[in-house]
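Reader: Hey, got a minute to walk me through this one? I'd like to go bit by bit.

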Amino acid sequence: MGVRPARLEDVDAVTSTQIRAWKCAYRDFLPPGPLEQMTGPAAEKMWRRQWDEAILSPPTPRHRVLVAVERVVPDTDAFTALGPGGVLATAAQRASDRVVGLASHGPAEDPDLRPGTTAELLTLLIDPNHIRRGHGSRLLNATVDFLREDGYDTVVTWVFADNHAMLGFLESAGWGEDEAERVLDMGRPIRMIRLGTDIR
């Protein structure tokens, strides 16, 4: 298990992780129509293009995409005929990383914030089949490490007000509401709130 910068070969996994995470996390409070528009086949193609661009040519050097990975080692029982040495060599060659979560960040864009010292956590998502394994905490910690290296002293993020799981996670990590909010029209008003934390 670990966290690393996203690579081109991660684009498909990042996109599918986002879609699965949104479907699972947002189904209880977003209207079905808008959620389908966010996660359907047409949207998936659009997100794939956007992640490809974000990973290959980010807007600035301070924009990053990180992925949480689990190491996948093949079942070596299939290689017993190779002998012990052959089993180890084959397993090592075929072991790979499975993307199970993602985070992205960049300079804050809200007009009341200073982008030189305040960053925004744009995305933090974990595959529903891999939650409660510490991936969210590792992604958050790695994000903060990068932001400190870039000279930021605070970071903010926007969260759906009814996304209690994400709110609880961030609050347990020391984040708090800063009184900013926005309301999206998704067939009915959907409220978002901004949270922030000091990372100095």
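Author: Sure. Keep in mind that this is a predicted model. Let's take Tyr26 and Phe29: both are buried.

Reader: How do the rings of Tyr26 and Phe29 sit, then?

Author: Their centres are 5.6 Å apart and the planes make 55°, so the pair is tilted. Phe29 also pairs with Phe160: there the ring centres are 5.5 Å apart with the planes at 55°, so that pair is tilted too.

Reader: Where do Phe29 and Phe160 lie?

Author: Phe29 is in the loop between helix H1 (11–26) and H2, and Phe160 is in strand E5, so the pair ties together parts that are 131 residues apart in sequence. Both Phe29 and Phe160 are buried.

Reader: OK, and how many aromatic pairs does the structure hold?

Author: Five. As for clusters, Trp22, Tyr26, Phe29, Trp47 and Phe160 form one.

Reader: Switching to the sheet. What's the strand order, and is it open?

Author: It's an open sheet of seven strands, ordered E1-E2-E3-E4-E5-E7-E6, with mixed pairing. Strand E1 (2–5) and E6 are the edges, each pairing on one side only. On average, neighbouring strands are turned by 30° against each other, ignoring direction.

Reader: How many bridges join E5 to E7?

Author: Seven, and the two strands run antiparallel. Phe160, from the aromatic cluster, has Met192 in E7 as its bridge partner.

Reader: Which helices pack on that sheet?

Author: H1 does, touching strand E2 (64–72), strand E3 (96–107), strand E4 (118–126) and E5. The direction of H1 makes about 80° with that of E3. H3 packs on the sheet as well, touching E2, E3 and E4, and its direction makes about 100° with that of E2.

Reader: What about E6 and E7, parallel or antiparallel?

Author: Strand E6 (residues 176–185) and strand E7 (residues 189–198) pair antiparallel, over seven bridges. Within that pairing, Glu181 stands opposite Ile193 in E7. The two strands make a hairpin with three residues between them, and in the turn Gly187 has a positive phi of about 90°.

Reader: Which residues other than glycine have a positive phi?

Author: Arg132 and Glu179 are two to look at. Phi of Arg132 is near 60°, and for Glu179 phi is about 80°. As background, most residues other than glycine have a negative phi.

Reader: Where are those two, and are they buried or exposed?

Author: Arg132 lies in the loop between E4 and H5, and its relative accessibility is 83%, so it counts as exposed. Glu179 is in strand E6. With 77% relative accessibility, Glu179 counts as exposed too.

Reader: And His135, buried or exposed?

Author: Buried, because its relative accessible area is 1%, under the 20% cut-off. It belongs to helix H5 (residues 135–149).

Reader: What does His135 touch?

Author: Leaving out residues up to four places away in sequence, His135 touches Met1, Ala68, Val69, Glu70, Val100, Ile126 and His130.

Reader: Back to helices. How do H2 and H3 pack?

Author: Helix H2 (residues 32–39) and helix H3 (residues 41–56) pack at about 45°, and their axes are 5 Å apart. That makes them oblique, because the angle is neither under 35 degrees, over 145, nor in the 65 to 115 range.

Reader: Which residues make that contact?

Author: From H2 there are Glu36, Gln37, Met38 and Thr39, and from H3 there are Pro41, Ala43 and Trp47. By class, that's four nonpolar, two polar and one charged. Trp47 is also part of the aromatic cluster.

Reader: Last one: where's Asp162?

Author: In the loop between strand E5 (154–160) and helix H6 (164–172). Asp162 has 44% relative accessibility, so it counts as partly exposed.

Reader: How far is the C-alpha of Asp162 from that of Asp28?

Author: The two C-alpha atoms are separated by 8.7 Å, while the residues are 134 apart along the chain.

Conventions. Residues numbered from 1 in each chain as written. Predicted model: local features only at pLDDT ≥ 70, side-chain atom pairs only at ≥ 80, totals over all residues. Heavy atoms only, no water. Axes fitted to C-alpha atoms, helices over the stretch in contact; angles between N-to-C directions. Helix = DSSP H or I, 4+ residues; strand = E, 2+ residues; numbered from the N terminus. Contact = heavy atoms within 4.5 Å. Nonpolar A, V, L, I, M, F, W, Y, C, P; charged D, E, K, R; others polar. Buried < 20%, exposed > 50% of the residue type's maximum accessible area, 1.4 Å probe, protein only. Pairing = 2+ DSSP bridges. Phe/Tyr/Trp six-rings, centres within 6.5 Å; stacked < 30°, edge-to-face > 60°.
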